[in-house]
Amino acid sequence: MPVNAMHWADRNLRTLGDFDAFVFGDATWTASEASNSAQRLAAALIEMGLAPSDRVLMWMPNSPDLVIAWRAVIRAGGVTVVAHNDAPLKRIEQIAAETSPSAIITTHSIGTELSAPTLRHRIQCRNDERL
């Protein structure tokens with residue numbers, strides 16, 4: 001298994017046990033919940049065909065879901081490209097043109113309209129559901 005940031009996060013979870021990892025508004029995510037969510041999303045990305053070093057554009061608000069998505073992309077061997085949540089579609093298209101992502105993870109319904117020649121996979125998350 002390659003050693004990356006997720007290796008150390010998993011090791012810390014085994015060593016320290018479960019703990020509150022994120023508190024966001026009225027919701028709390030434990031470290032094991034965040035880890036399990038990231039593992040499920042990573043598995044989905046790999047099943048969709050994400051290859052090592054493929055770029056994944058993340059266009060989401062600053063939230064625990066963004067961190068979980070980042071962890072999932074790293075766990076799957078991808079490279080994260082994070083775009084500001086308030087960026088307009090035109091700017092996101094510029095970022096996509098410059099970085100050639102193979103996938104996008106977004107909470108924006110407009111993200112499904114993104115046009116990029118290398119974009120093969122789209123994951124739209126609902127704002128009212130956890131990853």
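**Exercise 1.** In what sense do strand β3 and β4 pair, and over how many bridges?

*Solution.* Keep in mind that this is a predicted model.
- Step 1: Find β3 at residues 55-59 and β4 at 79-83.
- Step 2: Check the direction: the two strands pair in the parallel sense, and the pairing runs over 5 bridges.
- Step 3: Pick out one bridge. Arg 55 has Val 79 of β4 as its bridge partner.

**Exercise 2.** Work out the strand order of the open sheet, then say which strands stand at the edges.

*Solution.*
- Step 1: Lay out the 4 strands; the order reads β4-β3-β5-β6, with parallel pairing.
- Step 2: Look at the ends. β4 and β6 (121-124) each have a single partner strand, so one side of each has no neighbour in the sheet.
- Step 3: Add the twist, which averages 20° from one strand to the next.

**Exercise 3.** Which strands does α2 lie across, and at about what angle does α2 run to β6?

*Solution.*
- Step 1: Grab helix α2, residues 31-48.
- Step 2: See what α2 covers: the helix lies across β5 (103-106) and β6.
- Step 3: Read the angle to β6, about 155°.

**Exercise 4.** Is Ala 31 buried or exposed?

*Solution.*
- Step 1: Place the residue: Ala 31 belongs to helix α2.
- Step 2: Take its relative accessible area, 7%. Buried means under 20%, so Ala 31 counts as buried.
- Step 3: List its contacts, skipping neighbours within four places in sequence: Leu 13, Asp 18, Phe 19 and Ala 21.
- Step 4: Compare sequence with space for one pair. Ala 9 sits 22 residues from Ala 31 in sequence, with 9.0 Å between their C-alpha atoms.

Terms used
Residues are numbered from 1 along each chain as its sequence is written. This is a predicted model: local features need pLDDT of at least 70, side-chain atom pairs count only at pLDDT 80 or more; totals for chains, interfaces and linings use all residues. Side-chain values use heavy atoms; hydrogens and water are left out. Buried means under 20% relative accessible area, exposed over 50%, partly exposed in between (1.4 Å probe, protein chains only). Contact means heavy atoms within 4.5 Å. Two strands pair if DSSP finds at least two bridges between them. Axes are lines fitted to C-alpha atoms, for helices over the stretch in contact, and angles run from 0 to 180 degrees between N-to-C directions.
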